[in-house]
Amino acid sequence: MISTDYGIDALDVLLKKDCLLDRYHPLIDGKEKLITGLKALGCLKKSDIAGIPDADLMRIGLKDPDAIGLFRRFLTLYDPDPRKFREIPALVSDPAEREAFTGLYHLPGVKYSRAKLYYLSGYRTLVMFTVTDADEILSKTARTIAENKLSCSVPLPKEARTHIAVARAFCLG
């Protein structure tokens, strides 16, 4: 079972310019102070932050209500929409493949065609993303597309980096 309630240390992995939407970049500079402050407030997991009052978030480094709102939105950025998982049983009949797709669907933006590409390229679990880099993903998926004559595209470099970061966050525990 994959938990999207990642540990506070995963913020270090997720708050990186090369895999984050531009609108969240203001959170990057203060991430170390934020992580330290959250731990001091007793936050061990993402879910622990929900109960933290805005005043405490300001004390640990978020400058104003806009920064707090941005941070709270960031915390749900990688929560997959449960509705997208409903399509898997209709599209995938093999139990092992269905299990792999369920894991891959936890990555942002991944649905059937991207999950199928990753699966055929050998990326069948989120753990497999934690031990690779974006260049390898791009190379393997390009080779898979060519060899299987698939009508899909290679992930963008930022997409691959984001998938790696999210997989690492979810697998860190």
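This report covers two buried charged residues, one helix face and one helix pair in a predicted model.

Residues are numbered from 1 along each chain as its sequence is written, and side-chain values use heavy atoms, with hydrogens and water left out. Because the model is predicted, local features need pLDDT of at least 70 and side-chain atom pairs count only at pLDDT 80 or more, while totals for chains, interfaces and linings use all residues.

**Two buried residues**

Helices here are DSSP runs (H or I, at least four residues), numbered from the N terminus. Buried means under 20% relative accessible area, exposed over 50%, and partly exposed in between (1.4 Å probe, protein chains only). A contact is a pair of heavy atoms within 4.5 Å. The table leaves out contacts with residues up to four places away in sequence.

| Residue | Helix | Relative accessibility | Contacts |
|---|---|---|---|
| K31 | α2 (residues 31–40) | 8% | L11, D12, L15, K16 |
| E97 | α6 (residues 95–104) | 14% | V92, K116, Y119 |

K31 counts as buried because its relative accessibility is 8%. A polar atom of its side chain lies 3.0 Å from the backbone oxygen of L15. E97 sits 85 residues from D12 along the chain, and their C-alpha atoms are 31 Å apart.

**Helix α6**

What lies at the start of α6? There, a side-chain oxygen of D94 comes within 3.2 Å of the backbone nitrogen of A96. Such a polar contact is a pair of N or O atoms within 3.5 Å; within protein, one must be able to donate a hydrogen and the other to accept it, and residues adjacent in sequence count only if both atoms are side-chain atoms.

The buried residues of α6 are E97, A100, F101, G103 and L104. Seen down the helix axis, they fall within an arc of 160°, so they line one face of α6. The arc is taken from the directions from the axis to the C-beta atoms. These buried residues pack against α5 (88–91), α7 (112–120) and α8 (126–130). On the other side of α6, P95 and E99 are exposed.

**Helices α9 and α10**

The axes of α9 (residues 134–148) and α10 (residues 157–172) come within 9 Å and cross at roughly 115°. Axes are lines fitted to C-alpha atoms over the stretch in contact, with angles running from 0 to 180 degrees between N-to-C directions. A134, I137 and L138 of α9 meet P157, A160, R161 and I164 of α10. The contact holds six nonpolar residues, no polar ones and one charged.

Definitions and conventions: Nonpolar A, V, L, I, M, F, W, Y, C, P; charged D, E, K, R; others polar.
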